[in-house]
Amino acid sequence: MPMTIAKPLPDIAGPGLSVIFCGLNPGLSAAASGHHFVGRGNRFWRVLHLAGFTPGQIAPEDDASLLAHGLGVTSVVGRPTAGVDDLARAEFVAAAARFEPWIRRHAPRHVAFLGKAAYAAMMGRRSVPWGQQVDPFGGAVAWVLPNPSGRNLAFSQDALVAAYRELRLSAEHDAAGRLK
């Protein structure tokens, strides 16, 4: 049986997005399926719903439906791996030359990095705080949220929901201010 080579996931992006969620890189199962956050135990879709971004929980195979909610999703590093430990900091640094202009071109109002590693590396910092960042990224308000992977045992589902809800409330407040 021939070995299947995992491919990078397609970006789900469009004009006028409120938030684009940036995973660190695709997992092998996500890359094989062609859909974001399909790994067993990944809490992204449930957390997104519980934080109020979507009226119901989206199935990974319906990931393109995020656009209808003003949301998008992409990966900082396109190379699929079994886990984030298989990525080197240098891969995130190298991705910055492509990724920052990509964000600027798509112009979401907020960009949410799911985990600290990518944003810290691309900003040339050793560490960054959780939540809204002082510096924008690609012209968007930058956020660093906990990674929803089931392997991330440092954050309970409730803690993830609270962090993601904070972004949602901020994005709604910003949008309301723009409408006035």
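Which residue just after α3 takes a positive phi? Ala-107 does, at about 50 degrees. Welcome to this predicted model; here is a short tour of a sheet, a helix and one loop residue.

**The sheet**
- Five strands form an open sheet with mixed pairing, in the order β2-β1-β3-β5-β4.
- The edges are held by β2 (71–75) and β4 (131–132); each has a single partner strand, so one side of each lacks a neighbour in the sheet.
- At the β4 edge, β4 pairs with β5 (residues 141–145) in the antiparallel sense, over two bridges.
- Within β5, Val-144 is the residue that stands opposite Gly-131.

**Strand β1 and its neighbours**
- Strand β1 covers residues 19–23, and five of its five residues are buried.
- In a regular strand, side chains alternate between the two faces of the sheet.
- Both faces of β1 are covered: Val-19, Phe-21 and Gly-23 are buried on one side, while Ile-20 and Cys-22 are buried on the other.
- β1 and β2 run parallel and are joined by five bridges; Ile-20 has Gly-72 in β2 as its bridge partner.
- β1 also runs parallel to β3 (residues 110–114), with four bridges joining the two.
- Looking towards β3, you will find His-110 opposite Val-19.

**Helix α3**
- Helix α3 has 18 residues (89–106) and reaches 25 Å from its first C-alpha to its last, close to the 26 Å expected at 1.5 Å a residue.
- A kink of about 45 degrees is centred on Ala-96, and Ala-96 is also among the buried residues of this helix.
- The other buried residues in α3 are Phe-92, Ala-95, Phe-99, Trp-102 and Ile-103.
- An α-helix has 3.6 residues a turn, so residues three or four places apart point the same way.
- The buried residues of α3 pack against three strands of the sheet, β1, β2 and β3, and against helix α4 (116–122).

**Thr-54, a residue in a loop**
- Thr-54 sits in the loop between α2 (44–50) and β2.
- Is Thr-54 buried or exposed? Thr-54 counts as buried because its relative accessibility is 5%, and the cut-off for buried is under 20%.
- The Thr-54 side chain reaches the backbone oxygen of Gly-56 at 2.8 Å.
- Leaving aside residues up to four places away in sequence, Thr-54 touches Leu-48, His-49, His-69 and Leu-71.

Definitions and conventions
Residues are numbered from 1 along each chain as its sequence is written. This is a predicted model: local features need pLDDT of at least 70, side-chain atom pairs count only at pLDDT 80 or more; totals for chains, interfaces and linings use all residues. Side-chain values use heavy atoms; hydrogens and water are left out. Two strands pair if DSSP finds at least two bridges between them. Buried means under 20% relative accessible area, exposed over 50%, partly exposed in between (1.4 Å probe, protein chains only). The expected span of a helix is 1.5 Å times one less than its number of residues. The bend at a residue is the angle between axes fitted to the seven residues ending there and the seven starting there. Contact means heavy atoms within 4.5 Å. A polar contact is a pair of N or O atoms within 3.5 Å; within protein, one must be able to donate a hydrogen and the other to accept it, and residues adjacent in sequence count only if both atoms are side-chain atoms.
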